[in-house]
Amino acid sequence: MTAEYERRYSHPAEDGRPAVLLFEHLRDVRDRVDMVIPEGATTPEGKPLCGVIRRLALVHDFGKATTFFQQYIGAQLGQPTHDKLRYHAPLGSLAAYYVLRETGHSTATCLAGFVAVAKHHGRLPNVVEYVFKRMESPDPEKWMADKKQVENIHKNAPRLATAIFEEATGDDDAWLDFAQSCVNDESLFTEIADHVTRNGERPITEPTFLTDEFYGLMLECWGTLVLADKTSAAGAPQASSVYDATNPRTADLTQYIDNLGDGNTDPDGSRTEQLNYYRSRARQDVLDSVTEFVESESDVATITLPTGMGKTLTGLNAALEIRDQTGGDRIVYALPFTSIIDQVGAEVQDIFDTDGSDGIVALHHHLSDTRFGYSDGDDDASDLNDDIAGMLGESWRAGLTVTTFVQLFESLAGPRNTQSMKIPALRGNVIVLDEPQSLPLDWWKLVPRLVDVLTEQYGATVISMTATQPELFPAPMSLVSDAERYFTVAERVQYHLHDSVERFLRGEEQPLEYNDAANELVEVAQSGDSLLAICNTIDSARVLANAVTERIQAVNLAEQYFESLRNGSSDPVAETVQLVRQSSKQAFVHLSTRLRPTDRLALIRIIKQLRASGSPVIAVTTQLVEAGVDISFENVYRDLAPVDSIVQAAGRCNRSFERELGAVTVWWLTQPAEQRHTPAVAVYDTQGPSLTPVTASALDSVRDGQTKLAGQSVARAAVQEYYGTLHKEKNVGREEYHEYVDDADAESLGRLSLITQTKTVDVLICVTEADQTLVESLEGAYENYDFQEVKRLLNATKPLRVSIPIYRDDSPEANVVTELRPLAGRKDESSIRVLDAGTRDFEKYFDHTTGFVVADSTVEDRFL
């Protein structure tokens, strides 16, 4: 290697690591592409995808060869005099377009590579707008920076440039040709501009390169390049084991299912024995359909089974079988809410006997600390630091990733730069969508389009799994041969329309007052039954909980749990369960996201253990228990909501066949004080299409004038009526979201979100001495500027944090959080606040029953 090669660096020496030679970095990124892209992956034109991205990797940092950039990183004496000239991505994007064109790729592929390299440190743009603004040139100075950079490299590093371009194209004259097309005749600039212009004007019709596959191709080129580049820059070992998945074994799941000990499976036995029989039969039914599905032309499968029929294990089993038959490497299991991920994740980790640190199973959401582990004895991977392990974990390199819809779909719809690193993990693999009806209605046209990208371009397989299957995907294949049979045998609830709902159906403005609702709940509780009341907002749940506790003497699970926690109990869950069982009083619990995540999970475990032993529990919650939480009550009360939400709530009723039929009451609660709308109307009718009238119509269509409705009638007929109306009459889904993909408008896609975008402030609530010690260590790391330790400890505090939405700067929420101490003295408005049990104001802001105390009356809390 010549001295000239040695004088060009991609990264300076820092943090004890030596400077990295530019050509060495380019080759390293190129070689990592081979480890990320599966063999056989092709572009839409049928050419090897790996070859495309390898070429992009070889030129992505080509602009760093200028003296301007070398001065900037301090590799040579002096400081840059032309700051704009140090930017390297624009020149790299021109080189990307050129080398792809010279190696015979289509215009669409060339432009996908052009944008991927241009934005490998940023976010993807509206492609047509970006190319137009970047390349059209009424101003002769428009391309001056690119031309000066080319001239600078040709003067100061021609042999390096020649070597890079020869390696990327196989032509030793490629560099000279590229330089001439930029500097001498400007033909490369005008050629690229001509793809989006006509006589200097934007074309009236869509550019010809903008095919249905363009967005997906650009996204994959970009995401793969970003992953390879970032892991190279971070110093991850160049070994396939760094990127390879460790597959969870199908045999382990089979063994786990066999060991569940569900007792007899007799179709003619007790209700429990019948359920076990049909649960096993449903699983086998699904597995028997897998081969037919894999061999079919469909890439989307559905599993439609009633709640309690073992959908989680059945869906996971199907995903493993599909993975094994298709030769995939990974499974991504996506759920709607973070509140249920830890429960599902814990079960999955138990199944595969992993703690999540070995690359078999990873949990990834905004409250998780996701790391990618390695097998013992892997010398190449044994010295990876936390940053690299975290980067790979968030790139979904594990064999099974349990995550949220937000993480999945926002990583496909205009993702942030780091989110893009997940894209390579999706190719050729299996994606399970658990409870897809929970997706916001605005996304109901976009999600099928994104699934098209996954299945048609990336060769992925999608399983849509729920008891209330929405009509999202055209012509999916059902893995359940006779869904009606399972809904019939799993009939375990009867729905009752409360008088308040009858009034709603008649158009009367007379919802149910909270005191009256509490009286009804207390009457049921005093009979010895367990009950669950699900409300639409935090404020509504808090008011109802207070009304109930004023009327009944009960053991407050949260107060008992927190007392055990503060007293240093080694197992506060077990201690709480034991004390409640010894009491003659019923247990009461309130759940919402104003409680810390760690405490919510503990309280759910307490409820499950109490219910498993037959102890009655009174629970008042928000919708966080509505999907994926395995708890069962004899009676469920649901505030008026869409039919699918009502059916999901019913899934918490009589789950274990405590009686012949459980009772699900649908009522219509009034608005809490100082609110204009009832929670049902505020949540479901004021943003987007009005859903409560559609629900009323669907329920009315199956009740035949009765106030009591059969479970199967609601779960099947009413749900189908509800979805049919949404599609045919409401035409749900924003058409423009779908068009953003077709137009490759990643900038507009990136502005979308699956959750309401409201400013939030995290409050870190310290209850125990261990919590306080953690915060002290974190603040010490800040003080010592140990930012790697800061990152690790910040992740460790996530289960202790409550996110408080701030709707207005003068809101009660804003006033409360600004009174709290900022973490490490950081006083910006979004900084984490600390609430410490050792301070005198702790009980002013934290209630053991309802959690962090802030009056909250807004509809943004609908899923909290």
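In this predicted model, helix H32 covers residues 735-742, and Glu739 sits within that stretch. Is Glu739 buried or exposed, or somewhere in between? With a relative accessible area of 37%, Glu739 counts as partly exposed, because that label goes to values between the 20% and 50% cut-offs. Glu739 also belongs to a negative surface patch, whose other members are Glu206, Asp212, Glu213, Asp299, Glu456 and Glu735.

Now for the strands. Strands of a sheet pair through backbone hydrogen bonds, and they can do so in a parallel or an antiparallel way. One open sheet here has 4 strands, in the order S19-S18-S21-S20, and its pairing is mixed. Which strands stand at the edges? Those are S19 (801-805) and S20 (821-822); each has a single partner strand, so one side of each has no neighbour in the sheet. For S20, pairing with S21 (residues 833-836) is antiparallel and runs over 2 bridges. Across this pair, Arg821 faces Val834 of S21.

Strand S10 (residues 493-497) makes a nice case of two-sidedness. In a regular strand, side chains alternate between the two faces of the sheet. On S10, Val493, Tyr495 and Leu497 make up the covered face, while Gln494 and His496 make up the uncovered one. S10 pairs with S16 (residues 662-667) in the parallel sense, through 5 bridges, and with S17 (residues 708-710) in the antiparallel sense, through 3 bridges. His496 turns up in both pairings: Thr665 stands opposite it in S16, and Lys708 stands opposite His496 in S17.

Technical notes: Residues are numbered from 1 along each chain as its sequence is written. This is a predicted model: local features need pLDDT of at least 70, side-chain atom pairs count only at pLDDT 80 or more; totals for chains, interfaces and linings use all residues. Side-chain values use heavy atoms; hydrogens and water are left out. Patches are made of residues with over 30% relative accessible area and no salt bridge: like charges are joined within 9 Å, nonpolar side chains (Val, Leu, Ile, Met, Phe, Trp, Tyr) within 5 Å. Accessible areas come from the Shrake-Rupley method with a 1.4 Å probe; for residues, only the protein chains shown count as cover. A salt bridge is a side-chain nitrogen of Lys or Arg within 4 Å of a carboxyl oxygen of Asp or Glu. Lys and Arg count as positive and Asp and Glu as negative; His and the chain ends are not counted. The place of a charge is taken as NZ of Lys, CZ of Arg, CG of Asp or CD of Glu. Buried means under 20% relative accessible area, exposed over 50%, partly exposed in between (1.4 Å probe, protein chains only). Two strands pair if DSSP finds at least two bridges between them.
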